[in-house]
Amino acid sequence: MEKYFDLAYIAESVPLLVPFLKVTLMVTGLSVLFGSILGFILAIMKLGNSKIAKKFAYGYTTILRCTPSIVLLFLTYYGIPAIAGNFGINLNDIDKAVFVVITFSLQFAAAMSEVIRSSLESIDRGQFEAAVSVGLSHTQAYRRIILPQAFVVALPNFGNSLLELMKEGSLAYTIGLIDIMGKAELIIAGNYNTHALEIYLALAVIYWTLSIVIEKLFLKLEKAFSKGKQVITTA
Amino acid sequence: MLEITNIHKSFGENEILKGVDLKIDKGDVVVILGPSGSGKTTLLRCINFLEKADQGHAVFGDIDVSLRTASKKVIHGIRQKIAFVFQNYNLFTNKTALENVTEGLVIGRKIAKAEAYEIGKKALDKVGLSEKYDAYPSELSGGQQQRVGIARAVALNPDIILFDEPTSALDPELVGEVLTVMKQIAKEGTTMLVVTHEMSFAKDVANKVIFMDAGVIVEEGSPKEIFVNPKEERTKKFLKRVLPEDYIFYI
């Protein structure tokens, strides 16, 4: 009789899953890109003088943060084509990845707007004043003095949000996206739902590896950009 | 060279400056004294447009401008001629001492990098930091940081340098090194407007002392006039509080 748990399945399924990392990474990458841009705009709105913009940005953040990823995913996946359909536009044949990227961009933007806002506010206003008093324009003061420092402050939280996004991204299999999660489900189905545990373990190993690489990368980045930052050494 | 008339500034309900006039000539070292909350710092910040005055007028060389409605361009122009030394140094923490000094030259004034570095090094030499060109602010003591702050102002070769309580954030044993540098640049003929609690600096270096209280100038004159023969009751009270009993004898 076949063993219930067989390590060989892990070794066998990893090479089958790895090619689909491409999809996972692409969806994550695009969501991070669009989400960061949108998040930056939202952060500027939060810090700006316009009361309406401020209200909108904070309202957006609250609603998005309070919507579970999977609910938001279904809302965009079913909602956007339904709305477009009302205007006679057919979006039913669009690649599923598009809806996934939209969903996670919107969600990442909410998280990033807070990360960026708090990092900008963490830089002492005195440095901005010093910069304009030596003859820099406001834009130059932000670009050369404030943003480089805020960037370093934001990095750990940015990395954190990115890992979160990558893991939440696995929910995309529920609308039929074939990333590594989707592929794992297909393999399991192909095995008549046996040996699911091994396949999920293989999946976990891939996510762990990916996360460790990203974690290390962000630590390196933080170190590289931390010039001039106070180094606190503990004995 | 700089003439300010009738500055008013309120923060909410709280009126900080209630019509202050100020005239500074080239080569003047003017010290503003006064209890905390009297509006000294706000006055300085309004001159450099770090705060927008509610009312007031400035004549600066050939620039004649309202402090309330000055355009961005005029403000930028005036800031090119006025340097500011901050109480908390406000050094750029992501830049070395030399980069702190040259930032305004290279980016603000578009001076070639090599030339700016020469000017910057000279300014740092002047404040006794020849060994610290490449040090980041976090690697410097408070006194050294403030000297970089002064070098940053001096390097711009401004018409006037504003000092906002430059020694107030320093440990007592570090105050001396900063005052020495300030005395030295005053001797070189730099025009300075200094808010300070260092009476010795006012006495030894200033050619004009202004006493402010509650948003107005109470009294102004030479150090001798203010310290030896103060006319106003408020000035006398303030001096009695801040000066040691027998101090007057040594003037």
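This is a conversation about strand S7 of chain B and the nonpolar core in a predicted model.

Modeller: Residues are numbered from 1 along each chain as its sequence is written, and chains are lettered from A in the order in which they are written. Local features need pLDDT of at least 70 and side-chain atom pairs pLDDT 80 or more, while totals for chains, interfaces and linings use all residues, and side-chain values use heavy atoms, without hydrogens and water.

Biologist: What makes S7(B), residues 160–164, mostly covered?

Modeller: Buried means under 20% relative accessible area (over 50% is exposed, in between partly exposed; 1.4 Å probe, protein chains only), and 5 of the 5 residues of this strand, a DSSP run of E with at least two residues, are buried, so the strand is called mostly covered. Ile160(B), Leu162(B) and Asp164(B) point one way, and Ile161(B) and Phe163(B) the other way.

Biologist: How do you know that S7(B) and S8(B) pair?

Modeller: Two strands pair if DSSP finds at least two bridges between them; S7(B) and S8(B), residues 192–195, have 4 bridges in the parallel sense, and therefore they pair. Phe163(B) stands opposite Val194(B) in S8(B).

Biologist: Why is the largest core called nonpolar?

Modeller: Because a nonpolar core is a set of buried Ala, Val, Leu, Ile, Met, Phe, Trp, Tyr and Cys residues joined through side-chain atoms within 4.5 Å, the name fits this set of 139 residues, in which Leu124(B), Ile150(B) and Leu193(B) touch the most other members. Helix H7 of chain A, residues 138–168, gives the largest share, 11 residues. Leu193(B) touches residues including Ile160(B), Ile161(B), Leu162(B) and Phe163(B), where contact means heavy atoms within 4.5 Å.

Definitions and conventions:
Lists of a residue's contacts leave out its neighbours within four places in sequence.
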